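Student: I am new to this structure and should like a close look at a single part of it. Please examine the pairing of charged side chains, and then set that part within its surroundings.

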Amino acid sequence: GGNFEMDMNSITNKDLEGEYKGKLEGHLKSADFFDVANHPKANFEITSIKPGESDSVIQVSGNLNLRGVSKNITFNAITKNISNTNVVADATFNIAREDWGVNYTGKKDNLVSKEINLDIHLVAEK
């Protein structure tokens with residue numbers, strides 16, 4: 001078990017600089033996307049961890065609360081370090097943004113993906 005919280009005000013774009021970086025970050029924080037003014041925090045509560053398809057993989061399940069919507073998700077994480085005191089694992093996976101009410105349609109050029117990529121670095125103390 002366990003949980004973690006994400007500060008949605010910390011959304012940062014690492015691909016752009018200057019004016020467009022600020023505009024994109026502001027738009028992502030707006031009601032079109034994550035509505036940070038009304039939902040400044042997101043969180044994940046782990047409900048189970050099971051062995052994965054290999055010794056270095058664990059299957060993590062839990063409730064992701066994003067934008068006021070909570071849904072159960074499952075993803076694989078790769079363990080990087082297991083010691084007597086903690087477990088360190090990394091995960092990269094996608095969620096369908098519309099499942100959490102992130103419904104911005106974008107423009108006809110389809111530059112807005114229907115998925116949100118999450119990269120998680122998990123440190124769990126034993």
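Tutor: A residue counts as buried when its relative accessible area is under 20%, as exposed when that area is over 50%, and as partly exposed in between. The model is a predicted one, and every value below was computed from it.

With those cut-offs, K41 counts as partly exposed, because its relative accessibility is 41%. Its partner is E5: the side chains of E5 and K41 form a salt bridge, with 4.0 Å from N to O. E5 belongs to strand β1 and K41 to strand β2, so this pair links parts of the chain that lie 36 residues apart in sequence. E5 itself is exposed, since its relative accessible area of 53% is over 50%. In general, side chains of opposite charge can pair when their charged atoms come close.

The total is 3 salt bridges, and two further pairs belong to helix α1. One of them joins E19 to K23, at 2.9 Å from N to O. These two residues are 4 apart in helix α1, which means that about one helical turn separates them. E19 has a relative accessibility of 52% and therefore counts as exposed. The other pair consists of E25 and K21, whose side chains meet at 2.7 Å from N to O. Here too the partners are 4 residues apart in helix α1, so about one helical turn lies between them. E25 is buried, because its relative accessibility is 14%, whereas K21, at 22%, is partly exposed.

The strands named above belong to a wider arrangement. An open sheet is formed by 6 strands in the order β1-β2-β3-β4-β5-β6, with antiparallel pairing. Its edge strands are β1 and β6, each of which pairs on one side only. On average, neighbouring strands of this sheet are turned by 30 degrees against each other, direction ignored. The strand that holds K41, β2, covers residues 41-51 and runs antiparallel to β3, to which 8 bridges join it. P51 faces I58 of β3.

Strand β1 and helix α1 also take part in the largest pocket, which has a volume of about 1300 Å³. Among its 34 lining residues, those closest to the centre are I11, L28, F34, I116 and N117. At least two lining residues come from each of β1 (2-7), α1 (18-29), β3 (57-66) and β6 (115-125). The largest share, 8 residues, is supplied by β6. By type, the lining comprises 17 nonpolar, 8 polar and 9 charged residues.

The enclosed space has another character. There is 1 cavity of 30 Å³ or more, and the largest cavity holds about 40 Å³ of space. Its lining is made up of F4, M6, F44, L64, I73, F75, F93, L118 and I120. Two or more of these residues come from each of β1, β4 (69-82) and β6. The lining consists of 9 nonpolar residues, with no polar and no charged ones.

To return to the part in question, strand β1 carries E5, which ties it to strand β2 through K41. Strand β1 is also an edge strand of the sheet, contributes to the lining of the largest pocket and contributes to the lining of the largest cavity.

Conventions: Residues numbered from 1 in each chain as written. Predicted model: local features only at pLDDT ≥ 70, side-chain atom pairs only at ≥ 80, totals over all residues. Heavy atoms only, no water. 1 Å grid on protein atoms, 1.4 Å probe; cavity = no way out; pocket = protein on both sides within 12 Å on 5 of 7 lines; lining within 4 Å. Points joined across faces, edges and corners; volume = space filled by probe spheres on them. Nonpolar A, V, L, I, M, F, W, Y, C, P; charged D, E, K, R; others polar. Pairing = 2+ DSSP bridges. Axes fitted to C-alpha atoms, helices over the stretch in contact; angles between N-to-C directions. Buried < 20%, exposed > 50% of the residue type's maximum accessible area, 1.4 Å probe, protein only.
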